[in-house]
Amino acid sequence: MIPAIRQQFNESFTTEKYEAMIAEIHKDFPNQLDFRVAETPVFVPKELKIKLLQACNDIIEVLLKPDFKEKTNRAIPANQHVPNEDAHPSFLAIDFAVCKDQNGELIPQLIELQGFPSLFGYQWYLGQKYRKFFIDPKGFSQYFNRLSMASYVDEMKKVLLGDENAENVILLEIYPEQQKTRLDFEITRQLWGIEPVCLTKIKKVGRQLFYEKNGKTIEIKRIYNRLIFDDLLQNFPDLETNFKMTDDVDVKWVTHPNWFFRISKFTLPLLKSAFVPPSYFLSDLKEYPTDLENYVLKPLFSFAGSGVKLNFTKEELEAIADKENYLIQRKVKYEPIIEDKEGNLIKTEIRMLFTWEDNAPRPKLVTNLARLSRGEMIGVNFNKNFDWVGGSCAFFED
């Protein structure tokens, strides 16, 4: 996106450097890397950075409205409602496609948003690898709000641990050692001392929770939640555990599971911004748009793109019985703008990552995640056997 920096990067790029970077990741964390790392970071010009910040601000203003909880109560399935919800999530992730407007200017367009954490540990680590093995241009950073590599770690520690000792804070997942994001879990453990613990290993005594570590029983006071309720119910519907997520227990959730539903696809129709494609609950539409080919159909209660339809007819919409559980969103046209070594252009998506301390009036932008794609959609299934695709990190111009 910045021609001079892109040219400098591509001229310095070699497959050997990339393979050396990947080899070092495997050396640092054996058998932990389970997703593709893109060959290049994304260099974001100041003009696009300003628009991304404005887009995030437009969205956050809606989340801060006093009636936001009331409007999103229906987002939480009755059998997945967790007690003791707090005033706001501890983390926020907002995904934007990089597009062009009618004037040919780069603009962000919202794809999705999540009241849920992302790869906060891994992105810290990956940014360092790009800087070590490839060019490290001055005046660019993966961090925001004057954070540095070191102060970012301190910022995350405040949100993750609060006033508790690290041993009383766990990272909750189902079989964490099998998850594709297990590398992030291990980096989180090394940076902040938070142990990944499987849901099946937690013991409940009254309203208190415990886990075992090195033969010692330790009370859990905070849960860094990485377990997606939908994922649990879909893949392990008959799993019996001593502790169930819907139990009323004496712990602080970071982030509370209800926010995964409140700030999600369900939020899209509530947002109005130049950077948000128009979205509508199917049940709210008396008439469907005449240009349905320009819309995507999304089920409200699905994960990782499951059930999304890029092409559908009016008759198919009319046949949906539970229209309140679906929305249509105007399609976004990703603009291929990142040039590889051969001059081919690649699409990108940027996830802006926020922390939100308990008493803070607003979330705080701290870092980002980027993904590169040559396929029809962003994601592993659409980018098999391609190079210069996968997970990446954006460096923003100061």
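Just after helix 6, Gly-162 takes a positive phi of about 60°. Before going on, a word on the model: it is predicted, with local features needing pLDDT of at least 70 and side-chain atom pairs counting only at pLDDT 80 or more, while totals for chains, interfaces and linings use all residues. Residues are numbered from 1 along each chain as its sequence is written, and side-chain values use heavy atoms, with hydrogens and water left out.

Back to helix 6 itself. Helices (H or I, at least four residues) and strands (E, at least two) are DSSP runs, numbered from the N terminus. Helix 6 covers residues 149-161, 13 residues in total, and reaches 18 Å from first C-alpha to last, close to the 18 Å expected at 1.5 Å a residue (the expected span is 1.5 Å times one less than the number of residues). Among its buried residues are Tyr-152, Val-153, Met-156 and Leu-160; buried means under 20% relative accessible area, exposed over 50%, and partly exposed in between, with a 1.4 Å probe and protein chains only.

Next, two asparagines with a positive phi, both sitting in loops:

| Residue | Phi | Loop between | Relative accessible area |
|---|---|---|---|
| Asn-84 | near 65° | helix 4 (68-72) and strand 2 (91-100) | 47%, partly exposed |
| Asn-214 | about 55° | strand 8 (208-213) and strand 9 (216-220) | 78%, exposed |

Another loop, between strand 11 (252-254) and helix 9 (258-262), holds Thr-255. A cis peptide bond joins Val-254 to Thr-255, with omega at about -5°.

Now for a small sheet. Three strands form an open sheet in the order 1-19-4, with mixed pairing. Strand 1 (42-44) and strand 4 (140-141) stand at the edges with a single partner strand each, so one side of each has no neighbour in the sheet. Two strands pair if DSSP finds at least two bridges between them; strand 1 and strand 19 (residues 394-397) pair in the parallel sense over three. Phe-43 has Phe-395 of strand 19 as its bridge partner.

Finally, the inside. The largest cavity has a volume of about 40 Å³. Here a cavity is a set of points on a 1 Å grid over the protein atoms alone where a 1.4 Å probe fits but cannot get out, and lining residues have an atom within 4 Å of a point. The lining includes Phe-116, Asn-225, Pro-257 and Phe-261.

Key: 1 Å grid on protein atoms, 1.4 Å probe; cavity = no way out; pocket = protein on both sides within 12 Å on 5 of 7 lines; lining within 4 Å. Points joined across faces, edges and corners; volume = space filled by probe spheres on them.
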